[in-house]
Structure formats: C-alpha cells, structure tokens
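Me: I'm a first-year student and I'd like to take a close look at one part of a protein model. Could you walk me through it in plain words?

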Amino acid sequence: MAAAAAAAAPAATIIELDPSHERAGRVVDDIVRLEKRIFPKHESLARSFHDELKRRNTGLIYSTAGAGDEAEVTGYAMYTCATSLCASITKLAVKESCRRQGLGEALLQAAVERCRRKRVQRVSLHVDPARTAAVALYRKAGFQVDATVEGYYSPQRNAYRMYMDL
C-alpha cells in the first residue's frame, strides 16, 4: 500500500487500500472499530463494511499516524463510482482526537481525485444538515447543495444531497 499523498496533519499519511496487501484485513478491522465509535448504529456500515469493499468500483482511502505496526488509522473515505458519469462519497470520517487538523479535507480531496482519474463527471454525497462542520468542509471543497432529502436518516432527520462537477 503505497502512500498516495502527503499528510494533512504532520504525522499522517493518506493511503489507498490495497485489498491484497497483508495488512489490509487489520486496516479494515481498525476502520470498522472507528466506524462503530463515530456513527450511530443505524447509520454505520460496520456490519457490511467488508461486503461494501467487495463491490465493484468501490474504493477506500484512509489515513494513519505513526509507523509500521504501530500505525493507527485516523480517518477514512469510501467512494463508489456507480457509472462513468457519477460517483458517490459514501463515508468520510475522522477520529475525534484528530479532527480540525485538515485530515477530513485531505481524505475528501484524495477521494475526489481518484474519481477524477476515473473520468467521473460528478461526485455526490449525503450529509446531515445538523453536521455543520461537515457541511462547511464539503462547501469549502466545492460541493453544492442539490436538494434536501426528507427522512433520509430517519423520519425526522433529513439530508442534504450535495454534488461537485469535475
């Protein structure tokens, strides 16, 4: 798993998951644990994370701090290129103690860049409007609100559908 980009935070590295790498299983297990801590159970992909990664055209980018066997997963972004025209960022999360250091922005940029390399024309995502830091991050990166999706997360919780044309 070669480093794809330099870090957003001083000791972090952004890496694209290589499922054939000997450490891939451990990395995914670390991401699943992080997923469980960050997202409510009904929003978490923890139970289906391995299946999600097996889907065609799904990619996973993650960040680590530390080196070698001591490297700790500090964030991740999952994306799916559904067609040659459109891709979706399906997950973006950063460990709470590592937030506000540019890591989310670096992961988002890396995922968008992977989509751009695949010649995708539009990247979309869904975000809870109450997650103001996330909405601000996506706007800063160039995403625009396309619509509000009523009841996306639950009957009383909507989502912004946001997009960026590449």
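Does Asp128 count as buried or exposed? Please tell me about the salt bridge it makes, and then about others like it.

Reply: Happy to help! Keep in mind that this is a predicted model. Asp128 counts as buried, because its relative accessibility is 8% and the cut-off for buried is under 20%.

Let's start with its partner. The side chains of Asp128 and Arg157 meet in a salt bridge, with 2.5 Å from N to O. Arg157 counts as partly exposed, at 22% relative accessibility. Now find the two residues along the chain: Arg157 lies in strand 8 (residues 157-165), while Asp128 sits in the loop between strand 6 (122-127) and helix 4 (132-141). They are 29 residues apart in sequence, so their salt bridge ties together separate parts of the chain.

Strand 6 and strand 8 are worth another glance. Arg122 lies over the face of Tyr163, at 3.9 Å from the ring centre.

Helix 4 leads us to the aromatic rings. A search of the whole structure finds two aromatic pairs. In one of them, the ring centres of Tyr138 and Phe143 are 6.0 Å apart and the planes are at 65 degrees, so the pair is edge-to-face. Tyr138 is buried at 7% relative accessibility, and Phe143 is buried too, with a relative accessible area of 3%. Tyr152 and Tyr153 also form an edge-to-face pair, 4.9 Å centre to centre with 85 degrees between the planes. Here Tyr152 counts as partly exposed, at 40%.

Back to salt bridges: the count comes to 11. One of them joins Arg114 and Glu16, at 2.6 Å from N to O. Arg114 is in helix 3 and Glu16 in strand 2 (residues 12-16), so this pair ties together parts that are 98 residues apart in sequence. Arg114 is buried, with a relative accessible area of 7%, whereas Glu16 is partly exposed at 24%.

Another salt bridge links Glu72 and Lys95, whose closest N and O atoms are 2.0 Å apart. Glu72 belongs to strand 4 (residues 72-80) and Lys95 to the loop between strand 5 (86-94) and helix 3, so parts 23 residues apart in sequence are tied together. Glu72 counts as partly exposed, at 34% relative accessibility. Elsewhere, Arg26, Asp30 and Arg33 are linked in a network of salt bridges.

Key
Residues are numbered from 1 along each chain as its sequence is written. This is a predicted model: local features need pLDDT of at least 70, side-chain atom pairs count only at pLDDT 80 or more; totals for chains, interfaces and linings use all residues. Side-chain values use heavy atoms; hydrogens and water are left out. Rings of Phe, Tyr and Trp (its six-membered ring) pair if their centres lie within 6.5 Å; planes under 30 degrees apart count as stacked, over 60 as edge-to-face and the rest as tilted. Buried means under 20% relative accessible area, exposed over 50%, partly exposed in between (1.4 Å probe, protein chains only). A charge sits over a ring if NZ of Lys or CZ of Arg is within 6 Å of the ring centre and within 35 degrees of the ring normal. A salt bridge is a side-chain nitrogen of Lys or Arg within 4 Å of a carboxyl oxygen of Asp or Glu. Helices (H or I, at least four residues) and strands (E, at least two) are DSSP runs, numbered from the N terminus.
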